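Q: I would like a close look at one part of this model, taken strand by strand. Please keep to what can be read from the coordinates.

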Amino acid sequence: MKSNMQYSDRAGNCLMKPFSHIYVEDRVRVLSRTAEILKKFPNAKVIPIHHYKDVFNRRKQNYHLQHETRALILACKEGQLVYPGAPVCQSFGNEHFYYSSSMMNCVFDCEYCYLKGMYPSGNIVLFLNLEDIFREVEMLLQKHAVYLCVSYDTDLLAMEACTGYVREWTKFTAEHPGLSIEIRTKSAANFFWDTATLSDRNIFAWTLSPERIIRTYEHDTGSLAGRLASIRRGLELGFPVRLCFDPMLYCPDWKEAYGSMLEQVACAIPMDRIRDVSVGSFRLSQEYLQAMRKNMPDSAVVQYPYVNDHGVYHYPEELTEEMERFLVDRLRQMVPEEQIFRWEDLDDLT
Ligand code: SF4
């Protein structure tokens, strides 16, 4: 049953499904942020809990059921809140590269998502002590400039109608000159542009895939046309936008699929206004992929016979080179070479 929230945009792209159950940690029960969120789900059953791990880390969870009907867990994040960037992620030339996750898991459901191999649960944890993360970032900023990926281990924009975190992060970043953030998404929403704070340090990064790949593997995410419409709006408003063609996925007609996607992209948005682009093909740690293979025996993207290279699965070297080179060559005709970042050095992956 739907609550009074908006779950799809005008193009019919899913923004968010309602939650039937919301678990609330004792520590966040009295927060105004908790009340605000609960108000948005009047039909949800609210269940008090002591600690989010009591639910999230429970043994023998039903993976498939949880991915069908996910519960929301409102919690307080403890310990370290901002982490040095992972080696599997592109730093875009930034020296002090960090990430922070104010959520665990994602309302979208990409079959190839590493979160499926990383977490014991399909439920979504939302940490409500955002101000504690801000404080930790301020401490880092006293030492040096910071480049921070804030939509990490989740898709923050997909939950914006519920959390307002993108609004809060863009405001915070605009007020802190040494800070640049990246908000990566597969959403087709565009309502958030009205409340985001404009700054050339608030970088919105869209992952783009051919529409067929989106429909086959990136369940519940925005359509390609929807993502491009939102990007166009952001560019008109002056926001810096990054395009991420990552992960490229193999399919027998990948050249045609990715070639016509690029044509669609170039028709829909002014490529000369794009800040930069990244290109990378699918890669995933052995530990996560093995866990995913157990849970998804019928998924072609998960069961593909990847090469295991020092604990990281990826396409055979020749195919990786051919796919990424193809995209980079096409992109060179649209954006300057120095704005194209390609994930090349797999030896660095651990
Ligand atoms: S949008 Fe990103 S975080 Fe969300 S399921 Fe897809 S790959 Fe995972």
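How many of the six residues of strand 14 (residues 276-281) are buried?

A: This is a predicted model. In strand 14, six of the six residues are buried, and the strand is mostly covered. The cover applies to both faces. On one side D276, S278 and G280 are buried, and on the other side V277, V279 and S281 are buried.

The neighbour to start from is strand 13 (residues 241-248). Strand 13 and strand 14 run parallel and are joined by five bridges. Within this pairing, R242 stands opposite D276 of strand 14. D276 belongs to the face of strand 14 that also carries S278 and G280.

R242 leads on to the next strand, since it also stands opposite A205. Strand 11 (residues 202-207) and strand 13 run parallel, with four bridges between them. Strand 11 is itself largely enclosed by the rest of the structure, because six of its six residues are buried. N202, F204 and W206 point one way from strand 11, while I203, A205 and T207 point the other way, and all are buried. A205, the residue opposite R242, is thus in the set with I203 and T207.

Strand 11 also pairs with strand 10 (residues 179-185), in the parallel sense and over five bridges. Here F204 of strand 11 is the bridge partner of I183. F204 points the same way from strand 11 as N202 and W206. As background, strands of a sheet pair through backbone hydrogen bonds, either parallel or antiparallel.

Two helices can be described for comparison with the strands. Helix 10 (residues 254-268) and helix 13 (residues 317-332) pack with their axes 11 Å apart, at an angle of about 25°. Angles under 35 degrees count as roughly parallel, and helix 10 and helix 13 are therefore roughly parallel to each other. The crossing of helix 10 past helix 13 is right-handed.

Elsewhere in the model, five strands form an open sheet with mixed pairing, in the order 2-1-3-8-6. Strand 2 (45-49) and strand 6 (103-104) stand at its edges, each with a single partner strand, so one side of each has no neighbour in the sheet. Strand 1 (residues 21-25) pairs with strand 2 in the parallel sense over five bridges, and H21 stands opposite K45 in strand 2.

Key
Residues are numbered from 1 along each chain as its sequence is written. This is a predicted model: local features need pLDDT of at least 70, side-chain atom pairs count only at pLDDT 80 or more; totals for chains, interfaces and linings use all residues. A residue is buried if 20 or more other C-beta atoms lie within 10 Å of its own, exposed if 12 or fewer, and partly exposed in between; C-beta atoms are placed from the backbone. Two strands pair if DSSP finds at least two bridges between them. Axes are lines fitted to C-alpha atoms, for helices over the stretch in contact, and angles run from 0 to 180 degrees between N-to-C directions. Angles under 35 degrees count as roughly parallel, over 145 as roughly antiparallel, 65 to 115 as roughly perpendicular and the rest as oblique. A crossing is left-handed if the near helix is turned anticlockwise from the far one by less than a right angle, and right-handed if clockwise.
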